[in-house]
Amino acid sequence: MKVFKRFVIICIFISFLGLPKISLGNSYYVAEEKSKKEKTKEKFKKKEKKEGVKMEEMVVTATRTEENKNLLPQVVNEIFKKDIDLTTGDDLTDILKKNSSIDVIQYPGGYSGTISIRGVRSDYWGTIKHCLILIDGRPIGATHLAPINKDIIKKIEIIKGPSSALYGSDAMGGVVNIITKKSTGKIKPTILLGAGSFDSWTSGLSLGGNLTQKIDFDLNSDVHFQNGNMVMGNGEKRPNTSFKKYNNIGRIGLNLGNWRIDVKGNWYAGRDIEFPDDIDRDIQQKKRDVDQYGGDFTIKGPLGHNNEIKVTSYYSQEENDYRYEFKGTNPYRGFWNLYTWRGVQFQDIYHLHFHTLTFGCEYQKITEKGKAWNSDGSRKGPWRPDNEREIKSVFVEGIFKFYKNRIIATLGSRYDRIELTTKNTPYKTGFIPGSETFDTLNPSCGLKVFVTPEFSFHSTIGTAFVTPKPEEVAGIWVSPWGSVTKGNPDLDPENSVTWDAGISYINKKLGLDGDLTYFHTKIFDKIEKVKVAESLYSYENAEDAKIEGLEGNFSFDVGKIVQINKSLRFFLNFTRLFKAKENLSTGHQDIRNVAHLNLNGGIEYGDKYFNGRLTARYVGKRKDTDWTVRGAPEVENPSFTVFDLTLNFHPFKYGELNLQLQNIFDKYYWETKGYPLPGRSFLVKYILTF
């Protein structure tokens, strides 16, 4: 705690000091007069702008500061607004799985899922994941992906590989950062109306631009109803798959010259979201109402001539209310839970010649409360005790450029101190709360070398961790059938070491863009529930896992070669796992819900009046657990290929017609065992922009 406080004081002191002079070998920066090298840097920036370096080439997630993607050693996938518009499906899970070679856990209807990057499987339930989801650089503040309205997304950045050196826990497989739009200029209202299969319809309204020269804003509202049950690829209806979703977000920004303030708020409401049971069991149905809301306040700007600060405070809350219906019984309220996230981020960016140094600190507090009921309406204790996770951290990240950007190196580290607490929970009998604290340090480094302006090598190595769940380290409770589970205060967080190496080739004149990367991950201290004695259970760091594979991204735009004002682009991205095994106390097994080959490819065309995309997504065989059978045996999910088609017509100045055909060959498939997804379906939308 003392180290954390001292670091914060030093950060604030140095920031307000402004560093008027920094020694750097034989050269230095002077606040009153720019050096020759600073002027050279400005000329270089002007030259880049003149040559047409586009803003979409800049990414922020890999280093927490804006940097040219092509100069970074990390593997970064970008999903732009046009990619989102050309992707079938209304859910963010669909956008991610169809534009980047990742695995997902996804259920039918209005239930969204979680993702797996590079074979590191993520958990569906709770606030602790193995792949981190951010929105504008701060935690998403939700346990699933449904609360994100895709119409407010400007771009999505996916960092593949460990990112705990910048973002702390949950970033073992990688990070997804959803960057929202900030409209400026003339106010432009947009109206959206759509209808599709399964008696579904959607509508939306967005408005954004400048209210005054200094004030800009965005307002977005979206409604999506599926009133009927979906039809699977085998032609059969899947009962209990209807839902209603409301999504709203607002932002207002104040431009004060070099400084900027943004305030954003969102509210998502899911109503009567039906969730069927495993199709092989089909004895229990659930309905869920969800309310998720939150917001953030960000201020950023320069202090002195060579550094800038950014401060973000945020709050999010998710409330879930579940209703059960077992066959032969009346519906009843099953359980309720409430998650809250609150935190503050501070970072300071220094520009030292061509190099950049970012350091900062972060505070985050996550709480969980739960209630449960019996079928007769009486209260009982929830399965998980009420708990709390408090995180204090400091981090530093450096980007160093040499020989006119021919060699780029990154070096960073983050220290986290985490306190896990379980609390007294009403109706949870035989429970003794507790609290435990641990700390962890996670470094990372990377290197990129340009052999030619188009051809480069890159490599990174880094560690990552995932914190234990509070009930796994603190507390004792008795189950309804008499067994005792005791938290292990000596439990360590799961941690990993990952290294990767790859080659990249980018030639804009030829329309070529490609990357091929090998990665290797070793996960230590995986947490497993173990039997200590008769009717006594606890948790141990008994498992480990090994993952290695090859991933690639390739794109070729024929229109660039023939130099026409049209685009004809072929694209492919894939992840091929050579090994994805975990070592349990019962022996080795394949990591669940992870395919050994995940591939997306397709063709995209665009001109002044029309653009469209045909895609194919192949997911190979993957192991799963069959929870409908006594003993929960291992099963193998079959491979599948799903084709999608999106067509956009915009012959008019203010209108656009969007047609989505999903699963056009009516494939019967599932991402998660027992939960088939929709067969062939369509959605037609008309978008009117004034």
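Tutor: Lys and Arg count as positive, Asp and Glu as negative; His and the chain ends are left out. The model is predicted, so local features need pLDDT of at least 70 and side-chain atom pairs 80 or more, while totals for chains, interfaces and linings use all residues. Numbering runs from 1 along each chain as its sequence is written, and side-chain values use heavy atoms, without hydrogens or water.

Student: How far apart are the centres of the positive and negative side chains?

Tutor: Each charge is placed at NZ of Lys, CZ of Arg, CG of Asp or CD of Glu. The protein has 97 positive and 84 negative side chains. The centres of these two sets are separated by 5 Å.

Student: What is the radius of gyration of the protein?

Tutor: The protein has seven helices and 39 strands (DSSP runs: H or I of at least four residues, E of at least two, numbered from the N terminus). For 690 residues the globule rule (2.2 Å times the number of residues to the power 0.38, with the radius taken over C-alpha atoms) gives 26 Å. The protein's own value is close to that, so it is as compact as a globular protein of that length: 26 Å.

Student: Which elements each supply at least two residues of the largest nonpolar core?

Tutor: A nonpolar core joins buried Ala, Val, Leu, Ile, Met, Phe, Trp, Tyr and Cys through side-chain atoms within 4.5 Å. The largest has 22 residues, and L92, L96, I115, I153, I156, V176 and I178 have the most contacts inside it. Its contributors of at least two residues each are α4 (92-99), β8 (132-135), β10 (153-160) and β11 (174-180).

Student: Is P73 buried or exposed?

Tutor: P73 is in the loop between β4 (67-68) and β5 (75-80). Beyond four places in sequence, its contacts (heavy atoms within 4.5 Å) include I408, G446, L447 and H458. The cut-offs are under 20% relative accessible area for buried and over 50% for exposed, with partly exposed in between (1.4 Å probe, protein chains only). P73 has 0% relative accessibility, so it counts as buried.

Student: How far apart in space are P73 and V449?

Tutor: In sequence, 376 residues separate P73 and V449. In space, C-alpha to C-alpha, the distance is 8.7 Å.

Student: What is the relative accessibility of K404?

Tutor: K404 lies in the loop between β22 and β23. Its phi is positive, about 55°, although K404 is not a glycine. Y403, in the loop between β22 (387-402) and β23 (407-422), has a positive phi near 50° and is exposed at 63%. K404 also counts as exposed, at 79%.
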